[in-house]
Amino acid sequence: MSKSDASTASEIIDNFVAPKCLARVEILYQDDDILLINKPSGLLSLSGKNPLNWDSVHYRLVNGQSATQMTQATPAFIDAKLPHRLDLGTSGIMVVGLNDTASKSLNKQFQARTVQKRYVAMLAGWVEADSGQISAPIAKDKALFPRVKICHGTGKSAITDYQVISRLDNPPRTLIQYTPVTGRTHQLRIHSLEFGHPILGCDLYNHPALSNNVEANDISQRLMLHASDIYFCHPTTGEPIHGHSPSTF
């Protein structure tokens, strides 16, 4: 990366301030070793370098969440660690390690790619095939940081399986289940654009002719991408775990 590229990337990171997220982190399951949580759209997974980006899933877990008129307080999990992340706009299920032993086991499972994740997304237009696979290599796009790009020359292999859940009208759109075979940055977002059906509400990877009509924008006030399922082995018992978080769209 050239000096100009580096300074541009640094400027973007330093100047970005995430909007305030009023939605809470929901605890779906808890035992002595792990949590399964539901991350709201619009909340960072980890606190950013900019001090204004202190609010995050990790910050709220470590410090606890206060009670509101509608919800109870959540305790502080001071040793909580995140073995994986979700993008700012992506909602859905995450697994959390509550001690060093559990966190190390979860990290090893993610590194070994034995953890399976599924997502639900709302795409612009009608996807023709009921199921299929998108295979398109992904590389960093230094000219448009923090975007990535499809590049058959320098990109790393990226594969996504999909299954249509339903096709909807007014405007035409498709509710789809994604199962990423690989785990590249922004993989589902750029793969959706690559096969002609960008995720509604996506600010980085879209196509005006496909996603920027008034009706679609009224529907997608957020990134319409939700992590619905996660499959892994419990770090202590070794038992297979299936965590599920229903999508709200």
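How many helices and strands are there in the chain?

**Figure 1. Overview of the predicted chain.** The chain has six helices and 11 strands (DSSP runs numbered from the N terminus: helices H or I of at least four residues, strands E of at least two). Of its 249 residues, 43% are buried (under 20% relative accessible area, 1.4 Å probe, protein chains only). Residues are numbered from 1 along each chain as its sequence is written. In this predicted model, local features need pLDDT of at least 70 and side-chain atom pairs pLDDT 80 or more, whereas totals for chains, interfaces and linings use all residues, and side-chain values use heavy atoms, without hydrogens and water.

**Figure 2. The hairpin of strands E10 and E11.** Strand E10 (residues 225–233) runs antiparallel to E11, and five bridges join them (strands pair if DSSP finds at least two bridges between them). Cys-233 has Pro-240 in E11 as its bridge partner. Six residues separate the two strands, and Gly-238 in the turn has a positive phi of about 80°.

**Figure 3. The two faces of strand E11 (residues 240–244).** Side chains alternate along E11: Ile-241 and Gly-243 point to one face and are buried. Pro-240, His-242 and His-244 point to the other face and are not buried.

**Figure 4. The second largest pocket.** A pocket is an open set of points on a 1 Å grid over the protein atoms alone, where a 1.4 Å probe fits, with protein on both sides within 12 Å along at least five of seven lines; lining residues have an atom within 4 Å of a point. Lining this pocket are 21 residues, of which Lys-20, Cys-21, Trp-54, Asp-55 and Arg-60 lie nearest its centre.

How values were computed
Buried < 20%, exposed > 50% of the residue type's maximum accessible area, 1.4 Å probe, protein only.
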